[in-house]
Amino acid sequence: QEGDAATVGVVRMLRIARVFKLMTATTGVKFLFKTLIISLPAIFNIILLAMILMMIYVVFGKQIFGGLKYQSTYNMHANFRTTETGMWTIFRVLTLDNWHYISHDAMIQPPFCTQRGGDDWHNDCGSPLVARCYFYSFYLIGVYIFINLILAIILDNFGHIFSENSFCLTEDSVTEFDILWCEEDTACRGELPRYKIKYLLESLYLRGNPLGCDIYALTGYVSKKRFDFIMHTLSGLSCERVRNDGKTVEVTVRWRDVLNVIALSYIRFFHTNCLNYSHNQAWKAEKLSIEQLLAGKKILAWIL
């Protein structure tokens, strides 16, 4: 009966696993959980490196503070007399658990301690200079470098996961772009007249391809601004090509230029979170200058 009761108790404890269902209930919690799972290998490496650093400091601590007199904070629970207690002591420094009191106790000087034969390394006194260098150096390395490295890894992975989930431009989108391009570029020259780009963007949009553009701004003003940006940028990348009759000049754009422009415009207008801070700020300044230039052209067209 006692065994059955223990089994029932274990089964009841497993009910707590239901909490993990919450990780798929909301997008935010799912992102955080996925970020934590992806970050674990890198975090493990940092923790391993931190353990090596802690062991090095424990060895130095045993040599320097191994015979230090017990005091209020440096006592039987926090000292460097054994490797085990030394690891716990240095871990307290890493977690900022009253570490400054331990460092102050390590500065003890006569007459509060006994100095044997003037040998600073074999008595129960401390050294203010050595204690400051020891504890402050570990504080700077352990807290400001290792802890911040873990936070940086988690934040970086969260940014990548968020971008992947919010960014819907896939290889299928580019493949569909190639198919529609080949339908227009029957000669397979890798370039099209600039006026045909408008119809290409419209065809992509009607197929639900994110590379496409709502050229008539039926879905909002942002789509119209994106179309103006695409055409303005392609005007600077266009090249003049003489037709076979030797008289007519045709303005064409290359395949790679068109794909780059419409892909970047999609990211910059609808997914600026995929850009880092410096690129995002540069894009905002560039977009403002382009909008001012397009506005000036419209004003000139109204006047003339």
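In this predicted model, Cys182 has a relative accessibility of 49% and therefore counts as partly exposed. Cys133 is placed in the partly exposed class too, because its relative accessibility is 48%. Both values fall in the range between the cut-offs, since a residue is called buried under 20% and exposed over 50%.

Two further cysteines take part in a bond. A disulfide is a covalent bond between the sulfur atoms of two cysteines. Searching the whole structure turns up one such link. The partners are Cys113 and Cys125, with an S to S distance of 1.8 Å. Both cysteines sit in the loop between helix 4 (99–105) and helix 5 (128–166), twelve residues apart. The angle about the S-S bond is 110°, and the link is right-handed. Are Cys113 and Cys125 buried or exposed? Cys113 and Cys125 are both buried.

The nonpolar interior comes next. Which residues make the most contacts inside the largest nonpolar core? They are Phe65, Phe80, Ile90, Tyr134, Phe135 and Phe138, in a core of 30 residues. Two or more residues of this core come from each of helix 2 (27–65), helix 3 (83–94), helix 4 and helix 5. Helix 5 supplies the largest share, with eight residues. Phe135 offers a good view of how the parts meet: setting aside neighbours within four places in sequence, Phe135 touches Phe65, Phe80, Val93, Trp99, Ile102, Ser103 and Ala106. A second core, separate from this one, contains 22 residues, among them Trp181, Ile197, Leu200 and Ile215.

The last part of the picture is a pair of helices. Two packed helices are described by the angle between their axes and the distance between the axes. For helix 6 (residues 171–184) and helix 7 (residues 196–206), the axes come within 10 Å and cross at roughly 140°. Helix 6 is therefore oblique to helix 7, because an angle has to be over 145 degrees to count as roughly antiparallel. The handedness of this crossing is right-handed. Which residues form the meeting surface of the two helices? From helix 6 come Glu176, Phe177, Leu180, Trp181 and Glu184, and these meet Lys196, Ile197, Leu200, Ser203 and Leu204 of helix 7. Some names here are already familiar: Trp181, Ile197 and Leu200 are included in the second core.

Terms used. Residues numbered from 1 in each chain as written. Predicted model: local features only at pLDDT ≥ 70, side-chain atom pairs only at ≥ 80, totals over all residues. Heavy atoms only, no water. Disulfide = S-S within 2.5 Å. Helix = DSSP H or I, 4+ residues; strand = E, 2+ residues; numbered from the N terminus. Buried < 20%, exposed > 50% of the residue type's maximum accessible area, 1.4 Å probe, protein only. Core = buried A, V, L, I, M, F, W, Y, C linked by side-chain atoms within 4.5 Å. Contact = heavy atoms within 4.5 Å. Axes fitted to C-alpha atoms, helices over the stretch in contact; angles between N-to-C directions. Parallel < 35°, antiparallel > 145°, perpendicular 65-115°, else oblique. Left-handed = near helix turned anticlockwise from the far one by under 90°.
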